[in-house]
Amino acid sequence: SVGVGMSFDASMSQVAATMGTSVDQIQNLTDTAKEMGRTTAFTATQAADALNYLALAGYDANKAAEVLPSVLNLAAAGGMDLAYASGHRCHGLIEH
C-alpha cells in the first residue's frame with residue numbers, strides 16, 4: 001500500500017513537471033485521478049499516467065481533467081493502453 005501511494009505521488013509529480021507547475025497547483029487533477037481509480041477499471045496511478053500523456057500533448061490541467069474519463073473509457077472499451085488512447089483523444093478521434 002505504501003508503494004502504491006509512492007507510485008501515485010511520483011506519477012502526479014511527473015504530471016506537474018510536464019505542465020510546468022507544482023503538485024499543489026494541480027490538486028484538481030490529483031482528485032480526478034483518485035476518483036477515476038475508484039470508479040473505473042484503472043488504478044489512480046494509471047489515471048495519473050494518462051494525465052501525463054495529456055500534459056505531454058499540451059493539455060492544461062482543466063482540459064486534461066475534462067477529457068480523462070473519455071480517455072479511460074476509450075482505453076477500456078478498445079482494450080488499448082493508455083498512451084495509445086490518450087493519443088487518439090489528443091488527435092480528436094473521440095469527442096466528449
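Here are some short exercises on this predicted model, each with a worked solution.

Residues are numbered from 1 along each chain as its sequence is written, and side-chain values use heavy atoms, with hydrogens and water left out. Because this is a predicted model, local features need pLDDT of at least 70 and side-chain atom pairs count only at pLDDT 80 or more, while totals for chains, interfaces and linings use all residues.

**Exercise 1. The overall build**

Task: Work out which elements make up the protein, and how many of each there are.

Solution:
- Start with the count: the protein has 5 helices and 0 strands. Both are DSSP runs numbered from the N terminus, helices being H or I with at least four residues and strands E with at least two.
- Next comes the order, which from the N terminus reads α-α-α-α-α.
- Then look at burial: 36% of the 96 residues count as buried. Buried means under 20% relative accessible area, exposed over 50%, and partly exposed in between (1.4 Å probe, protein chains only).
- Finish with contacts, meaning heavy atoms within 4.5 Å. Of the contacts with a separation of 6 or more, 52% join residues 24 or more positions apart.

**Exercise 2. Helix H3**

Task: Check the span of H3 against its 13 residues, then list its buried residues.

Solution:
- The expected span is 1.5 Å times one less than the number of residues.
- For the 13 residues of H3 that gives 18 Å, and the end C-alpha atoms are 18 Å apart, so the two agree.
- The buried residues of H3 are Thr45, Ala47, Ala48, Ala50, Leu51, Asn52, Leu54 and Ala55.
- Just after H3, Gly58 has a positive phi of about 100°.
- Ala44 also belongs to H3. Leaving out residues up to four places away in sequence, Ala44 touches Phe8, Ala33, Lys34 and Gly37.

**Exercise 3. H3 against H4**

Task: Describe how H3 and H4 pack, and say which residues make the contact.

Solution:
- Two packed helices are described by the angle between their axes and the distance between the axes.
- H3 (residues 44–56) and H4 (residues 61–78) pack at about 115°, with axes 10 Å apart. The axes are lines fitted to C-alpha atoms over the stretch in contact, and angles run from 0 to 180 degrees between N-to-C directions.
- H3 supplies Ala47, Ala50, Leu51 and Leu54, while H4 supplies Ala64, Ala65, Val67, Leu68, Val71 and Leu72.
- Sorted by class, this contact has 10 nonpolar, no polar and no charged residues. Ala, Val, Leu, Ile, Met, Phe, Trp, Tyr, Cys and Pro count as nonpolar, Asp, Glu, Lys and Arg as charged, and the others, Gly among them, as polar.

**Exercise 4. Three residues to place**

Task: Which are buried and which partly exposed: Thr30, Ala65 and Asp81?

Solution:
- Thr30 sits in helix H2 (residues 27–39). Thr30 counts as buried because its relative accessibility is 7%. Apart from neighbours within four places in sequence, Thr30 is in contact with Phe8, Met12 and Val23.
- Ala65 lies in helix H4 and is buried, since its relative accessible area is 17%. Not counting residues up to four places away in sequence, Ala65 touches Asn28, Leu29, Thr32 and Leu51.
- Asp81 is in the loop between H4 and helix H5 (82–90). With a relative accessible area of 48%, Asp81 is partly exposed. The C-alpha atoms of Asp81 and Ala50 are separated by 9.4 Å, although the two are 31 residues apart along the chain.
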